Amino acid sequence: MAERNLIGGTWAGGSGGETFTSFVPATGETLDTFPRSTAADVDRAVAAAKDAFGDWRLVPAPERGAILFRFAELLRAHKPELTDLMTREMGKVKAEAGGDVQEAIDMSLFMAGEGRRLHGQTTPSELRDKFNMSIRQPIGVVGAITPWNFPIAIPSWKLAPALVCGNTVVLKAAEDTPKLAERFVELLAEAGLPDGVVNLVQGFGEEAGDALVRHPDVRVISFTGSRETGVAVAKAAAETLTHVHLELGGKNAILVCDDADLDLAVDGIVWSAFGTTGQRCTAASRVIVDRAVYGELQKRLVARVEALRLGPGWEDGVDVGPLINAAAVEKVDGYTRIGIDEGAKLLTGGERVSGEGGCFYRPTVFADVEASMRIAQEEIFGPTTALIPVDGFDEAVAAANGVRFGLSSSIFTRDVNRAFRAMRDLEAGITYVNAGTTGAEVHLPFGGTKDTGNGHREAGSAALDVFTEWKSIYVDYSGRLQRAQIDNVDS
Ligand code: NAD
């Protein structure tokens, strides 16, 4: 039995006795075996987290932050090992895998610093000899449910703020990247977290994930994943009025204006559309191009895309790794068929790469895409981008906004007026000017509008709002009962 759930400081197997396997998407090889946890395992993990909360919430926040500083140091020391493991288990290329780990280092350092801030407010009172303030308080047990595409970074986006705020956590990481989740939690424990403050339950979404969402002792669910799962999570959490924080999908657009630096725009498109094999929530899956530069952009883009080197992420010189699994290859290929059937023009790619069982798909560019087509509306989550020709800036913004999602956006222009209009009018949580749609920094809020989420933000100090509740405190030092204005019937 694989003893790979961390519950109350002890590594344990799953109670049901069943296991599942993690694979190397570049080769199809088996990597490792993990417990397929049940609701009973989740129950034990939540009980351990609830028990640990009593003390952890009283540990001074700077001390909690100091543990995160040590965690960041451990991540830095283990960065080569984690990077290599990520190229194997998740598949992203070496440089990007290192970036994923780096993001967790940065987030842990940033949130460690929050241990000495966690600012509340003091404000004047309506009355004499009275002091008012509001403070942030931890909420309790947080259930963190994460996807596989940033297997170290995303757990850190959730756990670092949750912990520094004084909550305890049960992590249910993605079933495609369980080994990375295990290493993440091992290092957190090694950094000095008391037993039970962080717990790990491996397994599937509909089993362990659903049980975590429905557990009455879980006070917050922080979820990153697809829109469909996000809706299911929100519904399941409604019964217990659990706080739900959702970070969901995207259909992010790059606008290329008639005055854009085209070489720079092509750099931005290639990096944002095909980095991480298009498997980023912020990936540029649409490129909205002014007709004045449409022909030239196509030519330069296709030349660059066809020069991209595919291969296993651990090899030097590889630009694009595999997709996460065979189902993802099927899905991406299905969208190629849909695009062709809809009448879009396939410029390059659109096929699997045959080889040693790896999940490789050629970087794919469609042209003459209409903004209403399915390949321009639905999240493909693979190396496919759609070029949409438009006439002028206003049409470009309307096309960009004409999707259900609102995560990231970008504009290439040299016109400062257009840039500012885009910053104001693009319906997205993130807008880049003269850069692609990816590349978030940890100290700014991260998240999206519309169907990308439910209004919360990850990262930056905005993340603290997910993991704390406000308490307002009134201290009267007048020595007599003073009534506030609402109760002062004579005034
Ligand atoms: P997914 O929704 O299939 O799975 C995400 C997690 O939810 C996994 O751990 C899974 O086991 C779990 N899960 C599945 N069903 C569940 C259920 N019924 N109850 C509870 N948990 C359940 O998503 P994925 O394929 O792992 O990730 C890709 C998606 O994530 C894309 O849509 C992408 O855009 C999105 N994403 C969003 C962000 C963001 O910050 N907005 C970041 C990365 C990825």
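Me: Hi! Before we look at the ligand, what counts as a helix or a strand here?
Reply: Helices are DSSP runs (H or I) of at least four residues and strands are E runs of at least two, numbered from the N terminus. Keep in mind that this is a predicted model.

Me: Thanks! Which of those elements each supply at least two residues of the shell around the ligand?
Reply: Those are α7 (205-214), β10 (218-224) and α8 (227-238). The largest share, 4 residues, comes from α7.

Me: And how many residues surround the ligand overall?
Reply: There are 28, and the closest are Thr146, Lys172, Glu175, Leu248 and Glu379. By type, the shell divides into 13 nonpolar, 9 polar and 6 charged residues.

Me: What does Lys172 do up close?
Reply: A polar side-chain atom of Lys172 lies 2.7 Å from an oxygen atom of the ligand.

Me: What about Leu248?
Reply: There, a polar backbone atom is 2.7 Å from a nitrogen atom of the ligand. On its own the ligand has 850 Å² of accessible area, and the protein covers 89% of that.

Me: Switching topic: which pocket is the ligand in?
Reply: The ligand sits in the largest pocket.

Me: Where is that relative to the domains, and why?
Reply: The ligand lies between domain 1 (5-248 + 453-473) and domain 2 (252-433), because both give residues to the shell around it.

Notes: Residues numbered from 1 in each chain as written. Predicted model: local features only at pLDDT ≥ 70, side-chain atom pairs only at ≥ 80, totals over all residues. Heavy atoms only, no water. Near = heavy atom within 4 Å. Polar contact = N/O pair within 3.5 Å; in protein donor to acceptor, adjacent residues only side chain to side chain. Areas by Shrake-Rupley, 256 points an atom, 1.4 Å probe, with all protein chains shown as cover. 1 Å grid on protein atoms, 1.4 Å probe; cavity = no way out; pocket = protein on both sides within 12 Å on 5 of 7 lines; lining within 4 Å. Sits in = over half its atoms within 2 Å of the grid points. Nonpolar A, V, L, I, M, F, W, Y, C, P; charged D, E, K, R; others polar. Domains from an automatic or database assignment.
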